[in-house]
Amino acid sequence: MVKEKGTRPEAVDPLAQEKAARAVVATLGKREFLEQFQKLAKSYAQDPGNPGSYACEGCQRCANCMFCKDCDSCFQCTHCTRCELCNNCSHCVECKSCHACAYCVQSENCTSSAYLVLSRNLQDCNYCFGCVGLAKKDFHILNVPFPRTEYFKVVGRLKKELGLP
C-alpha cells in the first residue's frame with residue numbers, strides 16, 4: 001500500500017521501539033558494544049543541556065537544579081555557583097563532587113556537611129576551614145578543634161588574608 005501525499009504516517013509504538021532496541025543491544029559483540037558506548041558518551045559530552053533545571057545560567061549537563069550559575073554536571077542543586085559533579089547541594093561555591101552539602105566554598109568530596117571552606121573528604125561536619133578527612137566534627141581549622149567564638153575570629157582573619165568571600 002502506497003501512502004498518499006499529505007497523509008500522516010502511522011504512529012510509532014514506543015514499547016515496540018524499546019523492545020527492538022533491547023533485541024539489538026542483546027546481540028552486540030564486544031567491538032559493536034564499545035563503538036555504541038563511545039557514540040553515546042560522545043553525544044552526552046556534546047549536549048550541554050540542563051534537563052529539569054530552572055533559572056540556571058551558564059550551567060552545562062546539570063539536571064533538576066535551580067538558580068545555579070556556571071555549574072557542570074550537577075544534580076538537584078540549588079543556588080550553587082561554579083560547582084562540578086555535586087548533587088543535592090545548596091548555596092555552595094566552587095565545590096567539586098560534594099553530596100548533600102550547604103554553604104560550602106572550594107571544598108571537594110564532602111558529604112552531609114555545611115559551612116566548609118577549603119576542605120576535602122569531610123563527612124557530617126560543620127564549620128570546618130582547611131580540613132581533610134574528618135567525620136562528625138564541628139569548628140575545626142586544619143583539623144584542630146576550636147571553641148566557637150575563637151573559630152570565627154581566626155577564620156575571619158584567614159579569609160581576609162586568603163582573599164576568600
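Here are some short exercises on the predicted model above, each with a worked solution.

Some ground rules: residues are numbered from 1 along each chain as its sequence is written, and side-chain values use heavy atoms, with hydrogens and water left out. As this is a predicted model, local features need pLDDT of at least 70 and side-chain atom pairs count only at pLDDT 80 or more, while totals for chains, interfaces and linings use all residues.

**Exercise 1. Work out which pattern of helices and strands the protein follows along the sequence.**

Step 1: Know what counts. Helices (H or I, at least four residues) and strands (E, at least two) are DSSP runs, numbered from the N terminus.

Step 2: Tally them up. You get three helices and four strands.

Step 3: Read along the sequence, and the pattern is α-α-β-β-β-β-α.

**Exercise 2. Find where Ser 90 sits, and decide whether Ser 90 is buried or exposed.**

Step 1: Place Ser 90. That's the loop between α2 (30-46) and β1 (114-117).

Step 2: Recall the cut-offs: buried is under 20% relative accessible area, exposed is over 50%, and partly exposed is in between (1.4 Å probe, protein chains only).

Step 3: Ser 90 has a relative accessible area of 17%, so it's buried.

Step 4: Check its company. A contact means heavy atoms within 4.5 Å. Skip the neighbours within four places in sequence, and Ser 90 touches Thr 78, Cys 80, Cys 101, Ala 102 and Tyr 103.

**Exercise 3. Classify the ring pair Tyr 115 and Tyr 127, then do likewise for Phe 139 and Tyr 151.**

Step 1: Get the rules straight. Rings of Phe, Tyr and Trp (its six-membered ring) pair if their centres lie within 6.5 Å; planes under 30 degrees apart are stacked, over 60 edge-to-face, and the rest tilted. The structure holds ten such pairs.

Step 2: For Tyr 115 and Tyr 127, the centres are 4.7 Å apart and the planes are at 0°, so this pair is stacked. Tyr 115 belongs to strand β1 and Tyr 127 to strand β2 (residues 126-129), twelve residues apart. Tyr 115 is partly exposed at 35%, and Tyr 127 is partly exposed at 22%.

Step 3: For Phe 139 and Tyr 151, the centres are 5.5 Å apart with planes at 75°, so call this pair edge-to-face. Phe 139 is in strand β3 (residues 138-141) and Tyr 151 in helix α3 (residues 148-162), so the pair ties together parts twelve residues apart in sequence. Both residues, Phe 139 and Tyr 151, are buried.

Step 4: Put the rings together. Tyr 103, Tyr 115, Tyr 127, Phe 139, Tyr 151 and Phe 152 make up one aromatic cluster.
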